[in-house]
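Here are my notes on the model you sent over. Have it open next to you while you go through the points.

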Amino acid sequence: MHAIRATSAAVLSLTALTLTAPTAVARESDPFRVSISPTTIAAGGQVTLNASGCSRQTRVSAGIFDTVTIGSGSGSRTATVDWDARQGAVYTVTFTCGRSTRTVDLTIAGGRPVEPTPPPVHHGVRAGVGGSIGGFDLQEIGIGLALITGALGTAYHLARRRTGDDSA
């Protein structure tokens, strides 16, 4: 039983090593790697373009955003997808480093395009004033006093009401 487990583990290890060896060799011979995040985006959204392993500047171009240049070595930049990008279409994004070229597909999400929202305006917290900023509202004070008076009057009336036995 122990021999079967050991053999199975050895075969699985050799298979995994065999399948990953060509990938490791390919990466060593050509270190220029690229990626896009996210790979599916709505029109008007922003994508992050990543490039590494290029000793020169990397030029990134596509028909749906302005050409972007990433500095030498490795780095990332963002690009805004044009609003008129066709929904459901797949566009090819080309990364160029000297004579090396890589392409990545970018899909435009279907459905209604997302309108850009302005960034939120941050104001300081109004803490410690206890609701006194608005001042006094006489109408609200009058309604509150009427409700309290009505509740107290009803409670007094119900507490003093006789049970109906008048023989006493």
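The points below go from the overall layout to the sheet, the disulfide and a patch on the surface.

1. First, a caveat: this is a predicted model, so please read everything below in that light. The protein has two helices and eight strands. Going from the N terminus, the elements run α-β-β-β-β-β-β-β-β-α, so to speak a run of strands with a helix before and after it.

2. On overall burial, buried residues account for 17% of the 168 residues in the protein. The exposed area comes to about 12800 Å², and carbon and sulfur atoms supply 57% of that. As for contacts, take those between residues at least 6 apart in sequence: 49% of them join residues at least 24 apart.

3. Now the sheet. Five strands make an open sheet with mixed pairing, in the order β2-β8-β7-β4-β5. Why does one side of β2 and of β5 lack a neighbour in the sheet? Both β2 (40-41) and β5 (65-70) stand at the edges and have a single partner strand each, so one side of each is left free of a neighbour there.

4. Staying with β5, its pairing with strand β4 (residues 58-62) is antiparallel and runs over four bridges. If you want a register check, look at V60: its bridge partner in β5 is V68.

5. How many disulfides does the structure hold? There is one, and it joins C54 to C97, with an S to S distance of 1.7 Å. The two cysteines come from distant parts of the chain, 43 residues apart: C54 sits in strand β3 (residues 46-54), while C97 belongs to strand β7 (residues 90-97).

6. Some more on that pair. The torsion about the S-S bond of C54 and C97 is about 90°, so this disulfide is right-handed. Are these cysteines buried or exposed? Both C54 and C97 are buried.

7. Last, the surface. F136, L138, I141 and L145 form a nonpolar patch there, and together they have about 510 Å² of accessible area. One of them, I141, lies in helix α2 (residues 138-160). The relative accessible area of I141 is 38%, which makes this residue partly exposed. That value is over the 30% that a residue needs to count towards a patch.

Terms used. Residues are numbered from 1 along each chain as its sequence is written. This is a predicted model: local features need pLDDT of at least 70, side-chain atom pairs count only at pLDDT 80 or more; totals for chains, interfaces and linings use all residues. Side-chain values use heavy atoms; hydrogens and water are left out. Patches are made of residues with over 30% relative accessible area and no salt bridge: like charges are joined within 9 Å, nonpolar side chains (Val, Leu, Ile, Met, Phe, Trp, Tyr) within 5 Å. Accessible areas come from the Shrake-Rupley method with a 1.4 Å probe; for residues, only the protein chains shown count as cover. A salt bridge is a side-chain nitrogen of Lys or Arg within 4 Å of a carboxyl oxygen of Asp or Glu. Buried means under 20% relative accessible area, exposed over 50%, partly exposed in between (1.4 Å probe, protein chains only). Two strands pair if DSSP finds at least two bridges between them. A disulfide is a pair of cysteine sulfur atoms within 2.5 Å. Contact means heavy atoms within 4.5 Å.
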